[in-house]
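Biologist: I am new to reading models of this kind, so please choose one part and take me through it slowly and closely. I would also like to hear how that part is linked to the rest of the chain.

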Amino acid sequence: MEIKISKCAARCGSCDMDFAHEQKVHSQIVLQEGVFTRCDYCAACFEKVQTEEAFCVWNVLYSDPKVLEAERQEVYSPLRRLFYDLASMTGRPDLAEAYLAAQLLKRQKAFRQIKESDENDGAERVTLFLDRAGNRLIETRDLNFTYSELDEARIRLMARLQEMEGPSRNAVEEPESTANESQQV
């Protein structure tokens with residue numbers, strides 16, 4: 001006899017309500033017409049379901065694939081992590097770097113621009129973005145940065161990105177250089 005058990009359903013098998021990310025789901029295997037069938041229920045519906053006929057019963061935490069993908073993208077994007085670090089700072093140079101990082105993320109289609117407006121009588125421009133990975137709204141400020149401020153911010157931003165990505169490259173390069181040195185001796 002072949003047994004195939006499907007993945008956790010996205011909604012309750014009884015009330016058809018969508019499961020939330022990391023919600024406790026009650027699952028059971030029932031023999032229906034000679035075939036093992038998995039049924040997933042929310043806590044309220046599980047109390048009403050007959051578990052005497054179940055072959056196996058267990059609890060799981062539902063993992064929403066959309067939330068997991070958003071977390072994965074956020075974790076693996078050094079530019080996105082760097083943007084969030086810089087956006088929380090208040091210094092003018094840091095805000096210039098955050099502004100540039102947001103513009104780069106917009107070009108990569110990781111951020112979608114929603115609105116741009118002038119504040120403080122045109123002294124600063126506020127841009128509202130939607131982070132597609134986490135569906136978060138993000139606000140960046142352009143304090144009428146000068147060309148030289150933006151150029152310096154670009155250099156610092158690129159240096160930080162290389163620093164964040166650098167350790168994995170250095171770890172790979174070191175064994176090769178030590179191998180070459182031992183051959184020369």
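Modeller: Before we start, a helix here means a DSSP run of H or I with at least four residues, a strand means a run of E with at least two, and both are numbered from the N terminus. Please also keep in mind that this is a predicted model.

The part I have chosen is helix α4, which covers residues 92–107 and so has 16 residues. From its first C-alpha to its last, α4 reaches 23 Å, which is close to the 22 Å expected at 1.5 Å a residue. Once α4 has ended, the chain comes to K109, a residue with a positive phi near 65°.

If we now look at which residues of α4 are covered, the buried ones are D94, L95, A96, E97, A98, Y99, L100, A101, A102 and L105. Let us stay with E97, which counts as buried because its relative accessible area is 0% and the cut-off for buried is under 20%. The side chain of E97 nevertheless has a charged partner, since it meets the side chain of R156 in a salt bridge, at 2.9 Å from N to O. This pair links distant parts of the chain, with E97 in helix α4 and R156 in helix α5 (residues 147–184), 59 residues apart. R156 itself is partly exposed, with a relative accessible area of 28%.

For comparison, we can turn to a salt bridge between other residues, the one in which the side chains of E116 and R125 meet at 3.9 Å, N to O. There E116 is partly exposed at 42% relative accessibility, and R125 is partly exposed as well, at 32%. Returning to α4, salt bridges with shared partners join D94, E97, R156 and R160 into one network. In the whole structure, a search finds twelve salt bridges, and another of them is formed by the side chains of D18 and R11, at 2.8 Å from N to O.

Burial can also be followed in a strand, and β2 (residues 35–41) is mostly covered, with five of its seven residues buried. Strand β1 (residues 24–32) pairs with β2 in the antiparallel sense over seven bridges, and in one of the pairings I29 has R38 in β2 as its bridge partner. Together β1 and β2 form a hairpin with two residues between them, and in this turn E33 has a positive phi of about 55°.

Technical notes: Residues are numbered from 1 along each chain as its sequence is written. This is a predicted model: local features need pLDDT of at least 70, side-chain atom pairs count only at pLDDT 80 or more; totals for chains, interfaces and linings use all residues. Side-chain values use heavy atoms; hydrogens and water are left out. The expected span of a helix is 1.5 Å times one less than its number of residues. Buried means under 20% relative accessible area, exposed over 50%, partly exposed in between (1.4 Å probe, protein chains only). Two strands pair if DSSP finds at least two bridges between them. A salt bridge is a side-chain nitrogen of Lys or Arg within 4 Å of a carboxyl oxygen of Asp or Glu.
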